[in-house]
Amino acid sequence: MRIAVMLLTLDEQGGIGVYSRNLVETLLEIDSANEYLLLYRSAVQLGRYAGRPRVTEHLLKSRGKAWWDQVSVPLACRRFNADLVLHPKFTVPLLPGIPAVMVLHGADWFLPGAAQFYGRLDRAYMRLFMPLYLRRAAVAISVSQLTTDDFRRIFRLPEGKVRTVYFGPARHFRRVTDETALAAVRAKYGLPGQFLFTLSKTGDRGRKNIGGVFEAFARLHGKIPHQLVVGGKGCEQFRDEYRLPAEGWGRNVLFPGWMDQADLPAVYSASELYLYPSMQEAFPIPITEAMACGTPIVTSRANGLEEIAGSAALFVDPQDSNEIAAAVQRVIGDPGLRQRLVSAGLERAQIFSWEACARQTLTILEEVARERSSGRLPAQGRSE
C-alpha cells in the first residue's frame, strides 16, 4: 500500500505539530510493509526523512493552504499512485479519489462557549466545511473518547465513522533525577528553586485560562514560597496583557520563553506541580508529559482533562480561582497526596504511547485500504 501523508502541520510548534512529527516518525519505525509518500508545503522539511526505506518526500507548490489541501494534494496522489491519504489534522481533499483518513483534535468549534475562543469566521468555516470533510473521509481518527462522542452526537455519525486513538508524550519524556541535568536546565531557563509550572501560548483567546492561573497564584501570595513559571513562545506579553503588578506576587511570575522539547522533561521533573486549569481541551499533551515525568497535576474538571488524567490529578472548576489555589496548597502541603499523584501519574502514563497510537492508526489505514480494494468502500468515503 502506498500511503500519502499530508504534512502541512510539520511546521507547527503547537500540539498538532507535535502529533504529526511523532506519528510519522513512529509509523516509519514500525511499518516495514507499506510505502509512504510524505507531502510538504515547506521546502524546509525536505530531507527530514531522507534515507528512510520505503519513503519518498515531495514538495507541493500552492497558492495557499486551501489550494494545497484541495488541489495540490489530490493531484500529487494521482501522480504518485497513492492508495490512501492521511491528514494528521481535520481536513481532507474533497475531490473524489482515493480514500482519505483525517484526525480530529477536538470539537471545540461546535461546543457551547466556542465564541470565547474562536472568531466568527473560524466558526463559520468549520460549520460549513466539517460536514463535507466528514462525508469525504472514510474514517476520522479522534484523539479522545470525548471528541469521538462529541462528533457522533453533533453530526449524528454512524458507529465506526470516528475511532478513538490515544497518543502520548514523546519517548524522551520520563522522570529526570540526575542533579547535573536538572541544574543545567535550571541555569538555562533561570528556573527558581521551588516553582509551579504551566505551559501556554499567546493568541489562544483564553482557552488555556492563563488569567485564572494568575488569579489563583495571586491568592497564594504569602502562603507558599513557590514562584510561577509560564513557558511558551511570546508569553512575556502576558505581563502587560494581564496587567501583572511590578511588585508583590507579580514579581514571582517568570516567563522563560520557548522551551526546547529536549529540555521539558527536566523542567517538569524540577517543578513542584503542573498547573493546567484549561477551559477547553480534547487531548492535553502536557498532562501526559507531566504524568510521564512524575509531576503532580492540578487541572480542570472539564472536557477531556478528566478522561486523560484519571486519578493522577486534582480536578478543579477552571472558573474558580479560589478552588484552584486551594488545590495547589493541598498538593504542596500534603506529602502523602503528592506521592499518590506521582505514583498514579507514572502508572497511567503507560496507557499513552506513540507506538500504540501508530499501530492503531496503521490498523485503521489497512482496514480502509482493504475495504476499498474489496469494493465495500467507494472512493469518496462512506456517506452518512
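Is Asp260 buried, partly exposed or exposed at 35% relative accessibility? Asp260 counts as partly exposed, because its value lies between the limits of 20% for buried and 50% for exposed. The model on the screen is a predicted one, and this tour starts from that residue.

**Stop 1: Asp260 and Lys188**

Select Asp260 together with Lys188. The two residues form a salt bridge, with their closest N and O atoms 3.2 Å apart. Asp260 is found in the loop between β10 (253-257) and α8 (264-270), whereas Lys188 belongs to helix α5 (residues 179-189), so the pair ties together parts that are 72 residues apart in sequence. Lys188, at 48% relative accessibility, counts as partly exposed. Next, add Asp263 to the selection: Lys188, Asp260 and Asp263 are joined into one network by salt bridges that share partners.

**Stop 2: Arg338 and Glu272**

Proceed to Arg338 and Glu272, whose side chains meet in a salt bridge of 3.9 Å, N to O. Arg338 sits in helix α12 (residues 335-348) and Glu272 in the loop between α8 and β11 (273-276), so this pair ties together parts that are 66 residues apart in sequence. Arg338 is partly exposed, with a relative accessible area of 23%, and Glu272 counts as partly exposed at 21%. In the model as a whole, the count comes to 15 salt bridges.

**Stop 3: helix α13**

Select residues 354-374, which make up helix α13. The 21 residues of this helix should span 30 Å at 1.5 Å a residue, and the end C-alpha atoms are indeed 30 Å apart, which agrees. Within the helix, highlight Glu355 and Arg359; their side chains meet in a salt bridge of 3.2 Å, N to O. Being four residues apart in helix α13, Glu355 and Arg359 are separated by about one helical turn. In general, an α-helix has 3.6 residues a turn, so residues three or four places apart point the same way. Glu355 counts as partly exposed at 40% relative accessibility, and Arg359 is partly exposed at 43%. The buried residues of α13 include Trp354, Leu362, Leu365 and Glu371.

**Stop 4: Asp31 and Tyr36**

From Arg359, move to Asp31: the C-alpha atoms of these residues are separated by 8.5 Å, although they are 328 residues apart along the chain. Asp31 lies in the loop between α1 (15-30) and β2 (35-40) and is buried, with a relative accessible area of 4%. Leaving aside neighbours within four places in sequence, Asp31 is in contact with Tyr36, Arg54 and Leu362. A polar contact of 2.6 Å joins the side chains of Asp31 and Tyr36.

Now centre the view on Tyr36. Among the residues that Tyr36 touches are Ile3, Val5, Leu27, Val55 and Leu362. Tyr36 is also one of the residues with the most contacts inside the largest nonpolar core, which has 70 residues; the others are Leu38, Phe197 and Tyr268. Apart from that core lies another, of 34 residues, among them Met6, Ile98, Met130 and Val162.

**Stop 5: Arg123**

Finally, select Arg123 in helix α3 (residues 120-136). Which side chain of opposite charge is nearest to Arg123? The nearest is that of Asp122, 7.8 Å away, and Arg123 is buried yet has no salt bridge. The side chain of Arg123 instead reaches the backbone oxygen of Tyr118 at 3.1 Å. Not counting residues up to four places away in sequence, Arg123 touches Trp109, Ala114, Ala115 and Tyr118.

Technical notes: Residues numbered from 1 in each chain as written. Predicted model: local features only at pLDDT ≥ 70, side-chain atom pairs only at ≥ 80, totals over all residues. Heavy atoms only, no water. Helix = DSSP H or I, 4+ residues; strand = E, 2+ residues; numbered from the N terminus. Buried < 20%, exposed > 50% of the residue type's maximum accessible area, 1.4 Å probe, protein only. Lys, Arg positive; Asp, Glu negative; His and termini not counted. Salt bridge = Lys/Arg side-chain N within 4 Å of Asp/Glu carboxyl O. Polar contact = N/O pair within 3.5 Å; in protein donor to acceptor, adjacent residues only side chain to side chain. Contact = heavy atoms within 4.5 Å. Core = buried A, V, L, I, M, F, W, Y, C linked by side-chain atoms within 4.5 Å. Expected span 1.5 Å × (residues − 1).
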